[in-house]
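Trainee: I have a new structure open and don't quite know how to start reading it. Could you walk me through a few features?

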Amino acid sequence: MSATKRLSGRRKARDEKGAERQEKLDNKSYERELKRLHAELVKLQIWVVAKGLKVCVVFEGRDGAGKGGVIKAITERVSPRVFRVVALPAPTDREKSQMYIQRYLRHFPAGGEIVIFDRSWYNRAGVERVMEFCSMEQVGRFLEVAPEFEKAIVESGILLIKYWLEVTPEEQTRRLKARINDPRKIWKLSPMDLKSYNRWYDYSRARDDMFKATDTPWAPWHVIRSDDKKRARLNAISHLLSQIPYQDLPHDKPVLPKRQKPHGYEEPDYPYKVVPELDWRAS
């Protein structure tokens, strides 16, 4: 029996709503497609710089939904001077006294930049609401003002793209437990994550109200299902590329010049301490 037939004979997994889940993407297919998309991101980078475009990308979602992994996949092969990531800490006392949106405005893109917000002004509609860091009156005022604020952003010449990463409760639990048990991931688990874990449905209500108020023709929300991290990253990059019209600008392939060694010059022995090369096979 062929591999294809064996796969088709398996019972397909379904989510909590009964929809069929796709099988996990294998590493080889993922790496091949990611390499292709990275090449396209480089073409986009060159185009954005050449044309002086201003792009603002917002990533929101539940704790453990994979925002950091998606952003890393987007930025790992491009210039940080063009693709700038903004991940703001909790506001200072001075920032708390400012107009709410003020601390975000100073990070907006200039010509030739793509700014990616790892969480954004939508904190007010999400974590601040659920964790009661602000009043419901403040939330209501934000949801009322945000569409017009974003309309002003778009009319100023900034391309605004908004993503929400959605994960199932079972997958969120698995990922948060992995952060607890893996010393490489423990830094990802904040006290806020633990406090908000049992407020799943409060976040659902906050998300639904946010979508209803701020999903506009000029700045719509795009939802990415992220139970499969690999698929989510590829889907996010593919969609982002589709939102920014660009072309592959023609350019000559660089050629390294011949290195000229000065007459009589010899490389000196460095007097510095050299880090010893460990024999990793012995460990």
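Mentor: Sure, we'll go from the whole chain to one helix, then to a helix pair and a single residue. Keep in mind that this is a predicted model.

Trainee: How many helices and strands are there in the chain?

Mentor: Begin with the inventory: the chain has eleven helices and five strands. Its C-alpha trace spans about 75 × 60 × 45 Å along the principal axes. Of the 283 residues, 40% are buried. Then look at the contacts between residues at least 6 apart in sequence: 77% of them join residues at least 24 apart.

Trainee: Let's take one helix. What should α11 span, and how far apart are its end C-alpha atoms?

Mentor: You can work out an expected span from the rise per residue. Helix α11 covers residues 229-243, which is 15 residues, so at 1.5 Å a residue it should span 21 Å. Its end C-alpha atoms are 21 Å apart, which agrees.

Trainee: And what caps the N-terminal end of α11?

Mentor: Asp228 does that job, with a side-chain oxygen 3.1 Å from the backbone nitrogen of Lys230.

Trainee: Which residues of α11 are buried?

Mentor: First, the general idea: an α-helix has 3.6 residues a turn, so residues three or four places apart point the same way. In this helix, the buried ones are Ala232, Leu234, Ala236, Ile237, Leu240 and Leu241. Their cover includes α2 (27-51), β1 (54-61), α3 (67-75), β4 (158-166) and β5 (221-225).

Trainee: You mentioned α3. At roughly what angle do the axes of α3 and α11 cross?

Mentor: For a helix pair, check distance, angle and handedness. The two axes come within 9 Å and cross at roughly 55°, so α3 and α11 are oblique to each other. The crossing is right-handed. On the α3 side, the contact is made by Gly69, Val70, Ala73 and Ile74, and on the α11 side by Ala232, Arg233, Ala236, Ile237 and Leu240.

Trainee: Now a single residue. Is Ser120 buried or exposed?

Mentor: Compare its relative accessible area with the cut-off: under 20% counts as buried. Ser120 has 0%, so it is buried. You'll find Ser120 in the loop between β3 (113-118) and α6 (127-130).

Trainee: Which side chain does the side chain of Ser120 join in a polar contact?

Mentor: That of Glu60, at 2.7 Å. If you leave aside neighbours within four places in sequence, Ser120 is in contact with Val58, Glu60, Tyr100 and Tyr104.

Key. Residues numbered from 1 in each chain as written. Predicted model: local features only at pLDDT ≥ 70, side-chain atom pairs only at ≥ 80, totals over all residues. Heavy atoms only, no water. Helix = DSSP H or I, 4+ residues; strand = E, 2+ residues; numbered from the N terminus. Expected span 1.5 Å × (residues − 1). Buried < 20%, exposed > 50% of the residue type's maximum accessible area, 1.4 Å probe, protein only. Contact = heavy atoms within 4.5 Å. Polar contact = N/O pair within 3.5 Å; in protein donor to acceptor, adjacent residues only side chain to side chain. Axes fitted to C-alpha atoms, helices over the stretch in contact; angles between N-to-C directions. Parallel < 35°, antiparallel > 145°, perpendicular 65-115°, else oblique. Left-handed = near helix turned anticlockwise from the far one by under 90°.
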